[in-house]
Structure formats: C-alpha cells, structure tokens
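Please open the model in your viewer, with the cartoon and the sequence panel side by side, and keep the selection tool ready for the stops below.

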Amino acid sequence: MNHSAKALVLHCIDFRFIHDIVHFMKNVGLLGQYDDVAAAGAAKNLADPYDDHDREFVLRQIAIARKLHGISEVYVINHFDCGAYGQGTFANADEERGRHRRDLQVAKDFIERRFDGLSVVKILARIDEGGQVDFEKIV
Ligand SMILES: [Zn+2]
C-alpha cells in the first residue's frame, strides 16, 4: 500500500500536551497527515542532547518518515515547564522562553542542513494553571 504524510511532529513525551497537540495539528489542517515522534525535551535532542544517541534517534525517525512517507515539513514543539530542561533551571519566564527559542532555532538549522528540502516550523507551547494549552508559532 502506498501512503504518504505531509509532516512529522517532534514533541516532548509530556502527557499533558498530547491531546492538545493532536487538536493543534487538526487546526493547521494536518490531522491524519503527519508522523509523530515523542522524545523528552523535543528540540533539546538536537540542540543539547543527553548524548549522541538521542540526537541520532531523532534524526533517524525524520529520515525514515521522509523516505517512507515523503514528508516535507517538520513541526518541532517545545514547551514551558519541561522536565527535560529541569525544574527550577530558569530564573524567570523570559529566560525560559529565550532558551526554548534558541534550542528551536538550533534544531531547525540542524534539520534543514541535514535534509535538503525539509522545512521546520517552530512551536512553543504553554500550559496554564487550569490545564489550558496555548501554542505559539515562533518566527
Ligand atoms: Zn517536556
């Protein structure tokens, strides 16, 4: 059976975001048309991995999705309050936001250099006290 997907989504394993990520992908018109990779810290696996295996794991998933499904886009979704970055790591929200922006950009550059013709969309998610999730596209 021949089948294709338009995108791959790389997001954190954090259960609090899973349902909302599906909803977000539906809103951008890609429901049922994306491959899904969960790895703690998302962009961190490319920008500042625990070790080379984590980076290679993520890159391998992208390579497979491209080869098997012909994806042309990768959505990388980081989020505030991410355990992979460590609780209490950041002095304030501005510092946390800056780190995610930097890591998302590093991940984007890494993926786009490695895979000709793939473009990366950077997303930063935030969950409020009531569990409401907001997705911000980083440009
Ligand atoms: Zn996380």
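The tour goes from the whole chain to the central strands and then to two loop residues.

Before selecting anything, note that this is a predicted model, in which local features need pLDDT of at least 70 and side-chain atom pairs count only at pLDDT 80 or more, while totals for chains, interfaces and linings use all residues. Residues are numbered from 1 along each chain as its sequence is written.

Begin with the whole chain in cartoon view, where four helices and five strands are present; helices (H or I, at least four residues) and strands (E, at least two) are DSSP runs, numbered from the N terminus. Tracing the sequence from its start gives the pattern β-α-β-α-α-β-α-β-β. The radius of gyration is 14 Å, close to the 14 Å that the globule rule gives for 139 residues, so the chain is as compact as a globular protein of that length; the radius is taken over C-alpha atoms, and the rule is 2.2 Å times the number of residues to the power 0.38. Along its principal axes, the C-alpha trace spans about 50 × 30 × 25 Å.

Next select strand β3, residues 73-79, of which six of the seven are buried, so this strand is largely enclosed by the rest of the structure. A residue is buried here if 20 or more other C-beta atoms, placed from the backbone, lie within 10 Å of its own, exposed if 12 or fewer, and partly exposed in between.

Keep β3 selected and add strand β1 (residues 7-11), which runs parallel to β3 and is joined to it by five bridges; two strands pair if DSSP finds at least two bridges between them. Within this pair, L8 has V74 of β3 as its bridge partner. Now add strand β4 (residues 119-127), which pairs with β3 in the parallel sense over seven bridges, and look for H79 opposite A125 in β4.

Helix α4 (residues 93-114) comes next: together with β3 and β4 it makes a right-handed β-α-β unit, meaning that, with the strands pointing away from the viewer, the path from the first strand over the helix to the second runs clockwise.

Finish with two loop residues. Most residues other than glycine have a negative phi. A42, in the loop between β2 (34-38) and α2 (44-47), has a positive phi of about 50 degrees although it is not a glycine, and it counts as buried with 31 C-beta neighbours inside 10 Å. D81, in the loop between β3 and α4, has a positive phi of about 60 degrees, and with 14 C-beta neighbours inside 10 Å it counts as partly exposed.
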